[in-house]
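Please look over the sequence and the model below before reading on. The paragraphs after it are meant to be followed with the coordinates open.

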Amino acid sequence: MLRPSSLAARTASYTARCPGLADATNTIAEGEVQQLANIGNLTVDEAAYRETIRCKTALLFEAATHTAAQLCTRDLQHIETLRRFGLHFGLARPVVRAGC
């Protein structure tokens, strides 16, 4: 079992290597709140729906691919390419899944 100080040290190490991860986590949580606030709201327009997808699903995939790339390589072009792939995949996935 990890002690809190050991966990904090590991988390600080990852955070230092992947500084955008905390911001992404906050935005993903905000997207979840947006989605919950819009349950049953039939007046949500396409722009608001896409913003919820961006904040929630797209940033989750973006953060995952970006963080993995940062941990695996120092090639900035490769890191950026994987980050963008995750973002675009995350934008497309809910639309394809919903059959729109």
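What follows is a walk through this model, beginning with its confidence and then turning to helices and side chains.

The model is predicted, and its reliability is therefore worth considering before any detail is read from it. The mean pLDDT of the chain is 84, with 80% of the residues reaching 70 or more. Among the elements of the chain, helix α1, which covers residues 4-17, has the lowest mean pLDDT, at 56, whereas helix α4, covering residues 76-98, has the highest, at 92. Where pLDDT is low, the predicted coordinates should not be read in detail.

Helix α2 is a convenient place to begin. This helix runs over residues 20-37, and its 18 residues reach 26 Å from the first C-alpha to the last, which is close to the 26 Å expected at 1.5 Å a residue. Its buried residues are Ala24, Thr27, Ile28 and Gly31. Seen down the axis of α2, these buried residues fall within an arc of 105 degrees, and so they line one face of the helix. What do the buried residues of α2 pack against? Their packing partner is α3. The face of α2 that is turned away from the buried side carries the exposed residues Val33, Leu36 and Ala37.

Helix α3 takes in residues 46-72, and threonine 52 is found within it. Threonine 52 counts as buried because its relative accessibility is 11%, and the cut-off for that class is under 20%. Leaving aside residues up to four places away in sequence, threonine 52 touches Gly31, Gln34, Gln35, Asn38 and Thr57. One of these contacts, Gly31, is also among the buried residues of α2.

The cysteines can be considered next. Cysteine 55 counts as buried, because its relative accessibility is 4%, whereas cysteine 72, at 69% relative accessibility, counts as exposed. The structure holds 0 disulfides.

Charged side chains give another view of the helices, and the structure holds 5 salt bridges. In one of them, the side chains of glutamate 46 and arginine 50 meet at 2.8 Å, N to O. Glutamate 46 and arginine 50 are separated by about one helical turn, because they are 4 residues apart in helix α3. Glutamate 46 is exposed, with a relative accessible area of 52%, while arginine 50, at 46% relative accessibility, counts as partly exposed.

A further salt bridge joins glutamate 51 to arginine 54, the closest N and O atoms being 2.9 Å apart. Glutamate 51 and arginine 54 are 3 residues apart in helix α3, so about one helical turn separates them. Glutamate 51 counts as partly exposed at 32% relative accessibility, and arginine 54 likewise counts as partly exposed, at 32%.

Helix α4 also contributes to this part of the picture. Glutamate 80 and arginine 83 both lie in α4, 3 residues apart, or about one turn of the helix. These two residues form a salt bridge in which the closest N and O atoms are 2.6 Å apart. Which residues are joined into one network by salt bridges that share partners? They are Glu62, Glu80 and Arg83. As for its exposure, glutamate 80 counts as partly exposed, because its relative accessibility is 34%.

Notes:
Residues numbered from 1 in each chain as written. Heavy atoms only, no water. Helix = DSSP H or I, 4+ residues; strand = E, 2+ residues; numbered from the N terminus. Buried < 20%, exposed > 50% of the residue type's maximum accessible area, 1.4 Å probe, protein only. Contact = heavy atoms within 4.5 Å. Disulfide = S-S within 2.5 Å. Expected span 1.5 Å × (residues − 1). Arc of directions from axis to C-beta. pLDDT = per-residue confidence, 0-100. Salt bridge = Lys/Arg side-chain N within 4 Å of Asp/Glu carboxyl O.
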